[in-house]
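Okay, thanks for coming, everyone. I'll put the structure up, and then we can walk through a few places in it together.

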Amino acid sequence: MSTAKKQYKRVTVKSLVDMKQRKEKISMLTAYDYTMAKIVDGAGIDVILVGDSASNVMAGHETTLPITLDQMIYHASSVIRGIDRSLVVVDLPFGSYQSDPKEALRSAIRIMKESGGHAVKLEGGKEVKDSIKRILNAGIPVMGHLGLTPQSIYKFGTYTVRAKEEAEAEKLKSDAKMLEKLGCFAVVLEKVPAQLAKEVAESISIPVIGIGAGAGVDGQVLVVHDMIGMTHEFNPRFLRRYLDLYSEMTQAFKQYNDDVKSGDFPNAEEQY
C-alpha cells in the first residue's frame, strides 16, 4: 500500500528516491517554455523534463536529432523562470555527450550554468558509461534513459517496443543496475514490456519513470503537447489524452477569424 503523499516545497533528486521508498508515484511532464512550465508546476507535477522532444513539437523536425545544445539551454532557461516547486531535468541533445566524456561534461556544465536546470538526462547504458561518470563526478545529477532511445532512431530503424527479445532484455536489466551503481538518481524506461519494466523497478533502489512501460514502475512521463491534445497525429497505445486542445483551439481561431472579418471584434466594450 502507498503511504500518504508528502508535500514538498521544492522537489529534489532526494525527494524522488524518498517517494519510491514510500511507494508514492512520481509525476513527470515535459515543458519547453515559461508559460507552459508555470502551469505544469502550479498543477503539482513533480518533475518537468525539458526534453529534446522540443525538436519535434516545437520546431517541427521529424526526429530529436537536429536540436542543438544552445537551443536546449534556451528552452530550459525559459522553463526555469516559470517554476517554483518542480524538479527540472534537461536532456543532453544528440552529439553533445556520446563520443567524448570531456565534451559530455562541458555540455552538462553549460546546461547547469546557463539555464539553471537542476539535473541532466542522457540516453544509453554501458555505451555512455564514461560520460555519465564524468558528469556525476562533477556533482551534476544524472537521470538515465533506457529502452527506446529516440536519439538512436537511425540505428534501430523503428520506434517499436524495445527489449522484447531475451538478449536485449538482459542488457537493459544490466544497464539499469549499472546506472544505479554509477550514481544516477533515476532512470526513464521508454516503450518496453510492462513485466520487464516492473522487474527493473523492483531490482534497483532508484526511481524508474515509465513512458509506455506499464504501471509497475515508480512514475510516469508524457509529452505535454500529446497529453493535452495539441498534437493529434501521434497515437501510441501508451498515450492518454486528457484534453482535445487541437479541436478546441482550431475552433477558437476560426471563431476569431470570423469575428474579425465580420467586424464583430472588437465590439464597443472592447475599445478605449
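**A walk through the model**

So, let's start with a contact: the side chain of aspartate 91 reaches the backbone nitrogen of aspartate 52 at 2.8 Å. Keep in mind that this is a predicted model. Aspartate 91 sits in strand 3, residues 87-91. Is aspartate 91 buried or exposed? It's buried, with a relative accessible area of 3%. If you leave out neighbours within four places in sequence, aspartate 91 is in contact with Leu49, Val50, Gly51, Asp52, Met72, Ile111 and Lys121.

Okay, on to the pocket. The largest one has a volume of about 800 Å³. There are 33 residues lining it, and nearest its centre you'll find Ser53, Asn56, Val223, Asp226 and Phe234. Which elements give two or more residues to that lining? Those are strand 1 (26-30), helix 3 (54-57), strand 6 (186-190) and strand 8 (219-222). Split by class, the lining of the largest pocket comes out as 15 nonpolar, 9 polar and 9 charged residues.

Now let's swing over to helix 6, residues 129-137. Its buried residues are Ser131, Ile132, Ile135 and Leu136. They cover an arc of only 130° around the axis, so they end up on the same side of helix 6. And the general reason for that kind of pattern is familiar: an α-helix has 3.6 residues a turn, so residues three or four places apart point the same way. What covers the buried residues of helix 6? The cover includes helix 5 (101-115), strand 4 (119-121), strand 5 (142-147) and helix 8 (166-182). Turn to the face away from the buried side, and there you have the exposed residues Asp130 and Asn137. Just after helix 6 comes glycine 139, with a positive phi of about 85°.

Which brings me to some backbone oddities. As a rule, most residues other than glycine have a negative phi, and most peptide bonds are trans. Lysine 23, though, has a phi near 60°. You'll find lysine 23 in the loop between helix 1 (13-21) and strand 1, and it is exposed, with a relative accessible area of 57%. Lysine 191 also has a positive phi, near 50°, and that residue lies in the loop between strand 6 and helix 9 (194-203).

Last stop: the peptide bond from phenylalanine 265 to proline 266 is cis, with omega near -5°. Proline 266 is in the segment after helix 11 (245-262). Okay, that's my tour.

Definitions and conventions:
Residues numbered from 1 in each chain as written. Predicted model: local features only at pLDDT ≥ 70, side-chain atom pairs only at ≥ 80, totals over all residues. Heavy atoms only, no water. 1 Å grid on protein atoms, 1.4 Å probe; cavity = no way out; pocket = protein on both sides within 12 Å on 5 of 7 lines; lining within 4 Å. Points joined across faces, edges and corners; volume = space filled by probe spheres on them. Helix = DSSP H or I, 4+ residues; strand = E, 2+ residues; numbered from the N terminus. Nonpolar A, V, L, I, M, F, W, Y, C, P; charged D, E, K, R; others polar. Buried < 20%, exposed > 50% of the residue type's maximum accessible area, 1.4 Å probe, protein only. Arc of directions from axis to C-beta. Contact = heavy atoms within 4.5 Å. Polar contact = N/O pair within 3.5 Å; in protein donor to acceptor, adjacent residues only side chain to side chain.
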